[in-house]
Amino acid sequence: MALKVPICRLCWVSPAPTPSRDPGERWSFLVGQPLKTSFPSAVPGKEIFQRSCVIVSRKLSGLEEAMRIRRARELQSSVKVRKRPPLRRGKVSGKLLVPDHIPRPPYVDSGLLPELSSEHQVHNDEGIACMRAACELAAHVLDYAGILVRPSVTTNEIDKAVHKMIIDAGAYPSPLGYGGFPKSVCTSVNECMCHGIPDSRQLQDGDIINIDVTVYLNGYHGDTSKTFLCGNVNEPTKRLVKVTEECLERAISVCKDGASFKKIGKRISEHAEKYGYGVVERFVGHGVGTVFHSEPLILHHRNDRSGCMVEGETFTIEPILTMGSIESITWDDEWTTVTADGSRAAQFEHTILITGTGAEVLTKC
């Protein structure tokens with residue numbers, strides 16, 4: 001479950017300044033000579049004013065330019081063929097019950113949004129074993145939820161099935177009651193970036209849906225999500241989903257003891273930009289363990305955030321890519337967040353454990 005930046009919900013992360021580029025990097029910037037434009041006056045020999053400007057342009061590789069043109073044509077074509085109606089809120093049913101014998105996270109009874117913990121969550125052998133168990137359960141629940149995705153199924157039905165599987169395993173669905181969130185899972189359809197609340201809306205043929213599962217088992221949270229295809233999804237949307245998953249995989253590949261966190265955003269951005277997709281900055285990954293959300297905050301875009309990974313710590317990586325704008329609008333339920341322009345978004349998430357030589361994906365079935 002992603003942390004939200006700006007808009008007053010979970011935590012604030014100031015947008016990263018545009019990083020400087022080394023001359024050896026693949027992209028270069030071309031700066032032209034100042035151009036001066038004079039506008040003549042009615043009086044001979046005089047000018048009204050003079051304007052100077054500098055032309056700055058980014059040099060694209062041939063592959064990037066080709067992908068940009070193809071993406072633009074696909075978007076134009078898809079709009080002509082079918083105008084998809086915007087996502088609308090359905091009816092939200094009441095909160096599901098959890099048996100009294102199942103341990104609850106501390107935030108459930110308070111109903112308040114917990115403060116972000118400043119401590120990185122680094123585990124001993126016993127803690128790692130508990131994290132593996134929680135994450136394994138979350139992965140199996142997510143895999144089961146994906147089987148339910150088909151046209152005419154409601155997101156509320158998915159929530160009920162997920163809730164039952166979690167409590168049957170003796171675990172608590174972490175989103176339920178987190179800052180007032182009313183359901184046991186997040187279901188984000190089409191242009192919904194994340195934190196969609198399950199409701200009575202039926203899935204339609206051609207939809208995509210991200211299902212975000214977090215379980216609390218034996219005092220530890222396991223957090224994961226995946227975007228699923230519903231029925232016959234068009235090729236541009238399939239590509240968005242595929243590239244988003246590839247971004248997550250590439251980000252995980254740079255993780256190891258001593259690696260800087262900013263490498264994650266760099267690797268995701270490099271791959272997304274090849275296909276012309278936007279990388280959402282408002283939502284971030286986070287430390288996870290005995291606490292649901294903690295430092296480090298994982299920025300998925302290019303950034304200069306300091307800090308290095310430590311062996312034994314666990315955190316999530318959960319990039320969101322869009323086909324259009326990365327700007328967002330949050331509905332008045334204070335959770336559901338959609339793209340400002342209605343373009344589709346996809347997200348994938350894993351909880352990982354940093355090791356001496358790399359990263360172990362804890363939420364992979």
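**Exercise 1. Place Asp 223 in this predicted model, and decide whether Asp 223 is buried or exposed.**

Solution.
- Start with the element. Asp 223 sits in strand β10.
- Next, take the accessibility. The relative accessible area of Asp 223 is 0%. The cut-off for buried is under 20%. Asp 223 is therefore buried.
- Then list the contacts, setting aside neighbours within four places in sequence. Asp 223 is in contact with Met 1, Asp 212, Val 213, Thr 214, His 286, Phe 292, Thr 316, Glu 349, His 350, Thr 351 and Thr 363.

**Exercise 2. Do the same for Asp 212 and Glu 349: find the place of Asp 212 and that of Glu 349, then their contacts.**

Solution.
- Asp 212 belongs to strand β9. Its relative accessibility is 3%, so Asp 212 counts as buried.
- Glu 349 is in the loop between β18 and β19 (350–354). Its relative accessible area is 0%, so Glu 349 is buried.
- Leave aside neighbours within four places in sequence. Asp 212 then contacts Met 1, Ala 2, Val 185, Cys 186, Asp 223, Thr 224, Ser 225 and Glu 349.
- On the same terms, Glu 349 touches Met 1, Asp 212, Asp 223, Thr 224, Ser 225, Leu 248, His 286, Thr 316, Ile 317, Glu 318 and Thr 363.
- Cross-check the lists. Asp 212 is in contact with both Asp 223 and Glu 349. Asp 223 is in contact with Glu 349.

**Exercise 3. Which residues does UniProt place under "binding site" together with Asp 212, and why do they gather at one spot?**

Solution.
- Read the record. An unreviewed UniProt entry gives "binding site" at Asp 212, Asp 223 and Glu 349.
- Compare sequence with space. These residues span 138 residues in sequence, yet no two of their C-alpha atoms are more than 8.1 Å apart, so they gather at one spot.
- Turn to the other set. The unreviewed UniProt entry also has a "binding site" annotation covering Asp 223, His 286, Glu 318 and Glu 349.
- Repeat the comparison. This set spans 127 residues in sequence, with no two C-alpha atoms more than 10.9 Å apart, so its members gather at one spot too.
- Look for the overlap. Asp 223 and Glu 349 appear in the set with Asp 212, and they appear again in the set with His 286 and Glu 318.

**Exercise 4. Which elements give two or more residues to the largest nonpolar core?**

Solution.
- Begin with the members. The core has 35 residues; Val 149, Ile 158, Ile 209, Ile 211, Val 213 and Val 215 touch the most other members.
- Assign the elements. Those giving two or more residues are α3 (125–147), α4 (155–168), β9 (208–217) and β10 (220–229).
- Find the main contributor. α3 supplies the largest share, 9 residues.
- Zoom in on one member. Neighbours within four places in sequence aside, Ile 158 contacts Ala 145, Leu 148, Val 149, Val 153, Leu 203, Ile 209 and Ile 211.
- Note the separate core. Another core, of 28 residues, lies apart and includes Leu 240, Ile 252, Cys 255 and Phe 315.

**Exercise 5. How many cavities of 30 Å³ or more are there, and how do the linings divide into nonpolar, polar and charged?**

Solution.
- The count is 2 cavities.
- Take the largest. Its volume is about 140 Å³. Its lining has 14 residues; closest to the centre are Leu 87, Thr 187, Ile 197, Asp 199 and Trp 331. The lining divides into 5 nonpolar, 4 polar and 5 charged.
- Take the second largest. Its volume is about 30 Å³. Among its lining residues are Ser 188, Cys 192, Met 193, Ile 209, Asn 210 and Gln 347. β8 (192–194), β9 and β18 (345–347) each give two or more residues to this lining.
- Compare the classes. The second lining has 7 nonpolar, 4 polar and no charged residues, whereas the lining of the largest cavity holds 5 charged.

**Exercise 6. How far apart are Pro 103 and Tyr 172 in sequence and in space?**

Solution.
- Locate Pro 103. Its loop runs between α1 (62–81) and α2 (107–110).
- Give both separations. Pro 103 and Tyr 172 are 69 residues apart in sequence and 7.0 Å apart in space, C-alpha to C-alpha.
- Check for contact. Beyond neighbours within four places in sequence, Pro 103 is in contact with Tyr 172 and Tyr 216.
- Set this against the chain. Of the contacts with a separation of 6 or more, 72% join residues 24 or more positions apart.

Technical notes
Residues numbered from 1 in each chain as written. Predicted model: local features only at pLDDT ≥ 70, side-chain atom pairs only at ≥ 80, totals over all residues. Heavy atoms only, no water. Core = buried A, V, L, I, M, F, W, Y, C linked by side-chain atoms within 4.5 Å. Buried < 20%, exposed > 50% of the residue type's maximum accessible area, 1.4 Å probe, protein only. Helix = DSSP H or I, 4+ residues; strand = E, 2+ residues; numbered from the N terminus. Contact = heavy atoms within 4.5 Å. 1 Å grid on protein atoms, 1.4 Å probe; cavity = no way out; pocket = protein on both sides within 12 Å on 5 of 7 lines; lining within 4 Å. Points joined across faces, edges and corners; volume = space filled by probe spheres on them. Nonpolar A, V, L, I, M, F, W, Y, C, P; charged D, E, K, R; others polar. UniProt positions renumbered as here; feature names shortened; annotations may be inferred.
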